[in-house]
Amino acid sequence: MNFPSELKYTKDHEWVKVEGNEAFIGITDFAQRELGDIVYIDINSVGEEVAREEVFGTVEAVKTVSDLFMPVTGTVLEINAELNDNPELVNSDPYGKGWMVKVSLSELAEIEYLLTADAYQALVGA
């Protein structure tokens, strides 16, 4: 399993890549393996501010549907449009082409609540 050290993580298996006052968010390699083949991503929150730990969408796999939890408070600027036609990108490249949303961060200090790669790896027992 892959745990890029430059990313931050949540106990709910989302990752965050911070770039200044913006961040890219997706689900972890662990999460996509647990879900299995992803067939649909449902995110309708563009332009909305979503609070930390609130649901911002769902990911549907062959056998289950799982909520996506916002790791940090922010306004959703963009949804990865590639996932509309290719949701399997989350399986094949969860930290790259499989990103889900780009947000404008409202509270930079919330980054401190996130897990490091080592802490996340310990959490999932990998």
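Start with the sheet: in this predicted model, six strands form an open sheet in the order β1-β2-β3-β9-β8-β5, with antiparallel pairing. Strands of a sheet pair through backbone hydrogen bonds, so turn on hydrogen bonds in your viewer if you can. Now look at the edges, β1 and β5 (49-50), each of which pairs on one side only.

Next, select residues 22-27 and 101-105. These are β3 and β9, an antiparallel pair joined over four bridges. Pick out Ala23 here, and you'll find its bridge partner in β9, Val103.

Keep Val103 on screen and add Met70, because Val103 is among the residues that Met70 touches. Where does Met70 lie? Look in the loop between β7 (65-69) and β8 (74-79). Is Met70 buried or exposed? Its relative accessibility is 1%, so it counts as buried. Show its neighbours too: beyond residues up to four places away in sequence, its contacts include Ile25, Val50, Phe56 and Val76. Then try a distance from Met70 to Val55: they sit 15 residues apart along the chain, yet their C-alpha atoms are separated by 6.1 Å.

Last stop: helix α4, residues 117-124. Select Ala117, Tyr120 and Val124, which are buried. They cover an arc of only 65° around the axis, so they sit on the same side of α4. Swing round to the other side and you'll meet Asp118 and Ala122, both exposed. What do the buried residues of α4 pack against? Show β1 (8-9) and α1 (29-35) to see their partners. Finish at Gly125, which follows α4 and has a positive phi, near 70°.

Note on methods. Residues are numbered from 1 along each chain as its sequence is written. This is a predicted model: local features need pLDDT of at least 70, side-chain atom pairs count only at pLDDT 80 or more; totals for chains, interfaces and linings use all residues. Side-chain values use heavy atoms; hydrogens and water are left out. Helices (H or I, at least four residues) and strands (E, at least two) are DSSP runs, numbered from the N terminus. Buried means under 20% relative accessible area, exposed over 50%, partly exposed in between (1.4 Å probe, protein chains only). Contact means heavy atoms within 4.5 Å. The arc is that of the directions from the helix axis to the C-beta atoms. Two strands pair if DSSP finds at least two bridges between them.
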